[in-house]
Amino acid sequence: MVPARLFSASPRPLGRCALLVQALRPPAAARLLSASRPCCDQRQDAPRKKVLSEKKQKKHFVDCRRVLVRGGHGGNGVSCFHSEPRKEFGGPDGGDGGSGGHVILRADRQVKSLASVLSRYQGVDGEHGGRKNCFGRGGSVLYVRVPVGTLVKEREEVVADLAAAGDEYVAALGGAGGKGNRFFLANDNRAPVTCTPGQPGQERVLFLELKMVAHAGLVGFPNAGKSSLLRAISNARPAVAAYPFTTLKPHVGIVHFEDHQQVAVADIPGLVRGAHRNRGLGCAFLRHIERCAMLLFVLDLSVPEPWAQLADLRAELEQYAQGLSQRPHAVIANKIDLPQARARLPVLQARLGHAAIGLSASTGENLEELLQRLQQLYSRHVAAPPGLRW
């Protein structure tokens, strides 16, 4: 038999040291939790992509994006009948479901690239219908902000050109809401029980392509001084260094004139021979020249034959898009601050048969002639009929 003292309910009196140890000892539940805590610390959440702020997104220039868009699902209709005391045959009172929300692309000047555009967008679903002939609320429209000059393509076909601020394009339609049994009430059917579900939203795969919108584009080979020239005539601050391919994304600067005219000039990253075959930076930046109404060919006078650069640049533009090299243009001979370059300026002007503007972007020499020529080209562009503009 088990001794009775083991079942004694009266505890043995404890000494002072035993009481102190028992007071400092954590309870059993706390000990169990503390023992299992390291296991909880070892379990970590799955890594997620860090969300970039708007300021950091501007540093990551993206001009192509594949987007999956879905419209909102329509709400379901309801089949129910009116129930009220002393009104036995109230009739059907099921309401219709709300329509799903559309997904709309909107051109915004505050957005500079497609870096902030996500790869998937889902429209807001419509609410279901309710009793007492209550209709469901329709889903709100989801607006996606894109840069001005965004082309929207679907299976290599251009479906929209958002060339101006505020232009909109419905990328995906929301689904229609379902019908409640109140909708099917008729003289020959006084108690319908039929109701229809909501329709799914439209689903499309779109390709967004950004083409910079500027009046004039600086076109030249790497290290010709295009970024330095843009810094000299505007407040834009592209990177400048003594090695080629310093500019890896287009920059747009605004040139201000005295009569409150503002001309946007784009610094296109340097082209190389064979760029139309996607060599170098390739066609990724040739597309930005298509939006420019005027071209500014920047030649490097420090090379032995600067006139050959102009022929190569025109050939690349013509092979990429026919007629692109025939737009109104001006030829700029840069780096005349170098002694050997200043000696080649008369030879260049004689070979081209027209005046080439010799200047120095680093020292600011003869920039006034370039600004006058740019203003003349812009005035002709504005005075031309809309059908004859580029």
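Note to self before starting: a crossover counts as right-handed if, with the strands pointing away from me, the path from the first strand over the helix to the second runs clockwise. I need that for the β13 region, and I keep in mind that this is a predicted model.

**Entry 1: the whole chain**

I began with the overall tally. The protein chain has 8 helices and 14 strands. Of its 390 residues, 39% are buried. I then looked at contacts with a separation of 6 or more, and 72% of them link residues 24 or more positions apart. For the surface I got about 23,100 Å² exposed by the protein chain, with 53% of that supplied by carbon and sulfur atoms.

**Entry 2: around β13**

Which elements make a β-α-β unit with β13? I found β12, helix α6 (residues 307-320) and β13 in one such unit, and its hand is right. Going on along the chain, I followed the path from β13 through helix α7 (residues 339-352) to β14, and this β-α-β crossover is right-handed too.

Next I checked the pairing. Strand β12 (residues 294-300) runs parallel to β13, with 6 bridges between them. On the other pairing I looked up, β13 and β14 are also parallel, joined by 2 bridges.

I picked A333 to see who stands opposite. In β12 and β13, L299 faces A333. In β14, the bridge partner of A333 is G358. So I have A333 noted with a partner in β14 as well as with L299 opposite.

How many residues of β13 are buried? I counted 5 of the 6 in residues 329-334, so I wrote the strand down as mostly covered, taking buried as under 20% relative accessible area. I also jotted down a reminder that side chains in a regular strand alternate between the two faces of the sheet.

**Entry 3: positive phi outside glycine**

Two residues went on this list. R155 is not a glycine, yet its phi is positive, about 55°. I located R155 in the loop between β5 (150-154) and β6 (157-162). Is R155 buried or exposed? Its relative accessibility is 70%, and the cut-off for exposed is over 50%, so R155 goes down as exposed.

N366 is the other one I wrote up: again not a glycine, with a positive phi of about 65°. N366 sits in the loop between β14 (357-358) and α8 (367-383). I read 28% relative accessibility for N366, which falls between the 20% and 50% cut-offs, so N366 is partly exposed.

Technical notes
Residues are numbered from 1 along each chain as its sequence is written. This is a predicted model: local features need pLDDT of at least 70, side-chain atom pairs count only at pLDDT 80 or more; totals for chains, interfaces and linings use all residues. Side-chain values use heavy atoms; hydrogens and water are left out. Helices (H or I, at least four residues) and strands (E, at least two) are DSSP runs, numbered from the N terminus. Buried means under 20% relative accessible area, exposed over 50%, partly exposed in between (1.4 Å probe, protein chains only). Contact means heavy atoms within 4.5 Å. Accessible areas come from the Shrake-Rupley method with a 1.4 Å probe; for residues, only the protein chains shown count as cover. Two strands pair if DSSP finds at least two bridges between them.
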